[in-house]
Amino acid sequence: MRFATPRETVPLLLVAAIAAILPLLGSDYYLGVGFALFGWIALAQSWTIVSGLAGYISLGHVVFAGIGGYVLVLTWGAVPVWAGAVLGALAAGLFALLVGLPVLRVRGPYFVILTFGLAEFAKYVVINIENALGRFGRLILGGPPVETLYWAMAAAALAGTLAVIVTRRVRLGAGLAAVREDELAAETIGVPTVRFKLLAFALSAVLPGFVGALFVLRTGYFEPAQAFDPVISFTIVTMAIIGGSEDARGPVFGALFLVVLSELLWSNFPQVYMIILGALLIGFVLFAPNGVAGLLDRRRPSGGARAAA
Amino acid sequence: MLTVDRIGKSFGGVRALHEISFTVPEGSIFGIMGANGAGKTTLFATIAGNLAPSAGEVRLRDLRLTGLPPHRIAGAGVARTFQIVRPFRGLSVRENVATGLRFGARNRAGAAAMDAAGILGLTGLEPVADRPAGALTLAQQKRLEVARALATGPQLLLLDEVMAGLTPAEVKEMIAMVRSIRSDMGVTVMIIEHVMGALMALSDHVVVLDHGETIAAGPPADVADDPAVQTAYLGRRR
């Protein structure tokens, strides 16, 4: 096994350091910010497995978080809280396996639109189920304290970061890189593309399911339009554009950047926040398509060629 | 080693291949000739599994390849290059080869089990090994096609016009490379080539396709003298 490279150690250490420092500030506010930050990191890392490494851009990743949250409220009271969150993660992974086979047959813009449509479809299915049951939002009372949720989410962020690092190193990562670059050529040199894509899709769904369950525990209620809010999917993609999605650094940079920016601006100047965010997105797409991580590599040309080897 | 048994392929009403049959002997260099649109690349695609034939079957020794997905055919020891090159552009040349090494044939016997350095050396890509594949010249990308295919550890290598667009000097190098792939690595080679001289010089056996049908087969010297071949290539004599 090769030694860890900076592109592997930097994001891991960054997440660990933030997780260790925030509780020392002694305020629930910082725990809340950290909880959100780690949630976004876990989501963006998961997204990176299928969209960054394999090049299948998902615009519906919220669906997995929504499923995780929904499973948590459905099992609330019937099983222990942690079991509900784990079941949420498993359900999200299972859902990805089931829909992956047909969905992963299309590429490029068609895949983007399909994932978006699938997430909206799932949202309305859940909304209608809840309406039929006569439930309009479900309250979760007596969930775990914020410290517990904070550490659970920090663990999720670390797990997501590790997942990207490990995936890039193993055979799966090499195969996904080949799929991203040229799927027909990948299949022809022996990459089992269908199996690998499906595996990547399922891997990228499990952690968001867990994160979605934690989100519900934190807010204390479940409401489908909020749990399946497409803005969550857009935000994940935005973080990947700003941070980069070639390796585990990008999601950490992107999430950190966006969470800090929104904490600084959102409460005081919400309109300015959206304008700045829009300008930043345009700027990154035009001038730094590989995000902050790409900018760092450009300054240090030894960063070299991309992806797994 | 490879048996092509009455292969046919139609695209809608267009008959791209019809009743093609031949056997490629182990250790040979087997040439496929034919004008544009004769069905040569379609034939390779049906052998490698990229296209499903409409009729007939392809066997590698006792293994029926027809119906297997391409990655299983690669696993069985068949590799192909693409006439229109398809490198992993964003990856370095070395990573392209490394990916081939990491996948490909399950059973890498004898000389076919070369490492990345050996393959880069053989194909002359060592000096550009760390450049992104997309930044290479066409001649280099053609060699990378061969390098990546070799990295899969094949018993049978399908080369699709790896010399097209190359200068005469580059063609000479490529001929030497193909010979050493057969003699040093023990790989059986099937080759499609428009550069007639190169194909005749290399091949032990040639099949000529015209409009999807076999019009001649045999040693290169005999095939070159065949009236049907001359008609297909030079036009009908009056």
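Modeller: Before we start, two strands count as paired if DSSP finds at least two bridges between them, and please keep in mind that this is a predicted model.

Colleague: Fine, so how many bridges join strand 9 of chain B to strand 10 of chain B?

Modeller: Strand 9 and strand 10 (residues 213–218) of chain B are joined by 5 bridges and run antiparallel, and within this pair V206(B) in strand 9 has G218(B) in strand 10 opposite to it.

Colleague: What happens in the hairpin between those strands, and which residue has a positive phi there?

Modeller: The hairpin has 2 residues between its strands, and H211(B) takes a positive phi near 50 degrees there, although H211(B) is not a glycine.

Colleague: Is that H211(B) exposed or only partly exposed?

Modeller: H211(B) counts as partly exposed, because it has 15 C-beta neighbours inside 10 Å, and residues in between the limits of 12 or fewer for exposed and 20 or more for buried fall into that class.

Colleague: And where is R61(B), which also has a positive phi near 50 degrees?

Modeller: R61(B) sits in the loop between strand 4 (55–60) and strand 5 (63–64) of chain B, and since there are 11 C-beta neighbours inside 10 Å, R61(B) counts as exposed. Most residues other than glycine have a negative phi.

Colleague: Back to the strands, then: in what order do the strands of the open sheet in chain B come?

Modeller: The open sheet of chain B consists of 6 strands in the order 6-7-8-3-9-10, with mixed pairing. Strand 6 (78–80) and strand 10 of chain B are at the edges and have a single partner strand each, so one side of each has no neighbour in the sheet. On average, neighbouring strands are turned by 15 degrees against each other, with direction ignored.

Colleague: Which strands of chain B pair in the parallel sense over 3 bridges?

Modeller: Those are strand 6 and strand 7 (residues 156–160) of chain B, where R80(B) has L158(B) in strand 7 as its bridge partner. Strand 3 (residues 29–34) and strand 9 (residues 205–210) of chain B also pair in the parallel sense, over 5 bridges, and G31(B) stands opposite V206(B) of strand 9.

Colleague: Which strands does helix 6 of chain B lie across?

Modeller: Helix 6 (residues 168–185) of chain B lies across strand 3, strand 7 and strand 8 of chain B, and it runs at about 155 degrees to strand 8.

Colleague: What is V189(B) in contact with, apart from its neighbours within four places in sequence?

Modeller: Its contacts are I29(B), F30(B), L157(B), L159(B), V178(B), I181(B) and R182(B). V189(B) is also among the residues with the most contacts inside the largest nonpolar core, which has 165 residues.

Colleague: Which helix gives the most to this core?

Modeller: The most comes from helix 9 (residues 193–219) of chain A, which gives 15 residues to this core.

Colleague: Staying in chain A, at what angle do helix 2 and helix 11 of chain A pack?

Modeller: Helix 2 (residues 28–53) and helix 11 (residues 230–243) of chain A pack at an angle of about 75 degrees with their axes 9 Å apart, and the two helices are therefore roughly perpendicular to each other. On the helix 2 side the contact uses W40(A), L43(A), A44(A), W47(A), T48(A), S51(A) and G52(A), which meet I236(A), M239(A) and A240(A) in helix 11. The residues of this contact divide into 7 nonpolar, 3 polar and no charged.

Colleague: And F136(A), is it buried or exposed?

Modeller: F136(A) counts as exposed, because it has 10 C-beta neighbours inside 10 Å, and it lies in the loop between helix 5 (108–132) and strand 1 (138–139) of chain A. F136(A) and P224(A) are 88 residues apart in sequence, while their C-alpha atoms are 9.0 Å apart in space.

Colleague: Last topic: how many residues does the contact take from chain A and from chain B?

Modeller: The contact takes 21 residues from chain A and 26 residues from chain B. On the side of chain A that touches chain B, the elements giving two or more residues are helix 7 (171–181) and helix 8 (183–188) of chain A, and the largest share, 6 residues, comes from helix 7. The residues on that side of chain A divide into 11 nonpolar, 5 polar and 5 charged.

Note on methods:
Residues are numbered from 1 along each chain as its sequence is written. Chains are lettered from A and ligands numbered from 1 in the order in which they are written. This is a predicted model: local features need pLDDT of at least 70, side-chain atom pairs count only at pLDDT 80 or more; totals for chains, interfaces and linings use all residues. A nonpolar core is a set of buried Ala, Val, Leu, Ile, Met, Phe, Trp, Tyr and Cys residues joined through C-beta atoms within 7 Å. Helices (H or I, at least four residues) and strands (E, at least two) are DSSP runs, numbered from the N terminus. Two residues are in contact if their C-beta atoms, placed from the backbone, lie within 7 Å. Ala, Val, Leu, Ile, Met, Phe, Trp, Tyr, Cys and Pro count as nonpolar, Asp, Glu, Lys and Arg as charged, and the others, Gly among them, as polar. Axes are lines fitted to C-alpha atoms, for helices over the stretch in contact, and angles run from 0 to 180 degrees between N-to-C directions. Angles under 35 degrees count as roughly parallel, over 145 as roughly antiparallel, 65 to 115 as roughly perpendicular and the rest as oblique.
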